[in-house]
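Okay, thanks for making time, everyone. Let me put the model up and then walk you through it.

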Amino acid sequence: GMCLIHSAASQRPARRPYASDQPLNEPIIFGAGVISTGDDESHPAFTPDGRTLYFLKNTPDFSHWTIVVSRFERGHWSVPEVAPFSGQYSDADPFITPDGQRFFFISTRPVDGKRKEDNDIWMMEKKGAGWGAPQHLGPTINSDANEWFPSVADNGALYFGSERPGGQGSADIWRAPLKQGRYGAAENLGRPINSRAGEFEPLISPDESFLIFAAAGREGGLGAFDLYVSWRKEGVWTQPLNLGEGINSSRWDFAPKLSPDGRYFFFASNRSFADRPLDKPLNYAELISKLRSPRNGLRDIYQVEVSALKLAR
């Protein structure tokens, strides 16, 4: 009897470290004190087992980005370390494919020894316990303008933001299909996804049925960056919907991510304790504590249940 029970337990997937005992109908700060701190953090990316987390530590003005990594060990997230491939140039927007075999990111690192001012998309392949050397994705994907936020569907299609000419506005969302292991030319998603505003960060669902994206300056927006969702119906994208005040704020709300099991939505926000009037005067110790904690006006990582987003269609 015992061995049967034991084998049944081992068949069940281990509980994901990010799983919450309470329902998360409202966004909460993720990993307060270790992952989200008084520094500027954003753009989480989990390995498929949920036990390794890559994310960004940024300068307060969001001009330099470093990819760091934390591991879930002995019941908690480890103190982050700079990822082996990061730490010198601005590196950002980590994305690990659902099968765990590829790691995409953007970087200002040199290409073929030539200095870069703009962000390009790079990719690493799984190699043993780590990742192979970063490979530049070349001219079908990258341009002389900024590329942002690679995100990959199960069929390999690569979605990303770009400020290249030929779009609808300052930045647009583009898609490149994967054919025989190589990316075809990137195509602009067109309206209604793209607009005269800036569409920067596309999160494609694994089956390409919906897209959550971060845009700046769209009509009806609540803050500097807002999150929107659009569904693909018979090959056509629906008019994007603002995810609303439960998710968006008067500040930056961006970096949309899904947990590997699809249960949780992660994003980054610089919403602050000072965004609403304070209940009472803070003394100096309370003030310093708030200034050096999450929600001090720098970006933090938030988690909410996907079911709270009302994405069912």
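I'll start with the whole chain, then go to some salt bridges, and finish with one loop residue.

So, one thing up front: this is a predicted model. By secondary structure, the chain has 25 strands and two helices. Along its principal axes, the C-alpha trace spans about 60 × 55 × 45 Å. How does the radius of gyration sit with what a compact globule would have? For 313 residues you'd look for something near 20 Å, and the chain has 20 Å, so the two agree.

On burial, 52% of the 313 residues count as buried. The exposed surface comes to about 15,400 Å², and carbon and sulfur atoms supply 52% of that. As for contacts, take those between residues at least 6 apart in sequence: 49% of them join residues at least 24 apart.

Now charges. There are 35 positive side chains and 38 negative ones, and the centres of those two sets lie 3 Å apart. Side chains of opposite charge can pair when their charged atoms come close. How many salt bridges do we get here? The count comes to 14. I'll show you three of them.

Let's take Asp-39 and Lys-57 to begin with. Their closest N and O atoms are 2.9 Å apart. This pair links distant parts of the chain: Asp-39 is in the loop between strand E1 and strand E2, Lys-57 is in strand E3, and 18 residues separate them. Asp-39 counts as partly exposed because its relative accessibility is 42%, and Lys-57, at 25%, is also in the partly exposed class. There's a third partner to look at too: Glu-41 is linked with Asp-39 and Lys-57 in a network of salt bridges.

Next up, Arg-175 with Glu-208, where the closest N and O atoms are again 2.9 Å apart. Here we have Arg-175 in strand E14 and Glu-208 in the loop between strand E18 and strand E19, so to speak a link between distant parts of the chain, with the partners 33 residues apart. Which of the classes, buried or partly exposed, does Glu-208 fall into? Buried, because its relative accessibility is 4% and the cut-off for buried is under 20%. Arg-175 has 22%, so Arg-175 goes down as partly exposed.

The third pair is Asp-275 and Arg-251, with closest N and O atoms 2.8 Å apart. Both partners are in loops: Asp-275 between strand E24 and helix H2, Arg-251 between strand E22 and strand E23. They are 24 residues apart, and this is another pair that links distant parts of the chain. Asp-275 is at 35% relative accessibility, so Asp-275 is partly exposed, and Arg-251 is partly exposed as well, with 24%.

Keep Arg-251 in mind for the last stop, which is Ala-224. Where is Ala-224 found? In the loop between E19 and strand E20. With a relative accessible area of 38%, Ala-224 is partly exposed. Leaving out residues up to four places away in sequence, Ala-224 touches Ala-215, Ala-216 and Gly-217, and also Ser-250, Arg-251 and Trp-252. So that's Arg-251 again, the salt-bridge partner of Asp-275, among the contacts of Ala-224. And one distance to go with that: from Ala-224 to Ser-195 is 16 Å, C-alpha to C-alpha, with their positions 29 residues apart in sequence.

That's my tour; over to you for questions.

Methods: Residues are numbered from 1 along each chain as its sequence is written. This is a predicted model: local features need pLDDT of at least 70, side-chain atom pairs count only at pLDDT 80 or more; totals for chains, interfaces and linings use all residues. Side-chain values use heavy atoms; hydrogens and water are left out. Helices (H or I, at least four residues) and strands (E, at least two) are DSSP runs, numbered from the N terminus. The radius of gyration is taken over C-alpha atoms; the globule rule is 2.2 Å times the number of residues to the power 0.38. Buried means under 20% relative accessible area, exposed over 50%, partly exposed in between (1.4 Å probe, protein chains only). Contact means heavy atoms within 4.5 Å. Accessible areas come from the Shrake-Rupley method with a 1.4 Å probe; for residues, only the protein chains shown count as cover. Lys and Arg count as positive and Asp and Glu as negative; His and the chain ends are not counted. The place of a charge is taken as NZ of Lys, CZ of Arg, CG of Asp or CD of Glu. A salt bridge is a side-chain nitrogen of Lys or Arg within 4 Å of a carboxyl oxygen of Asp or Glu.
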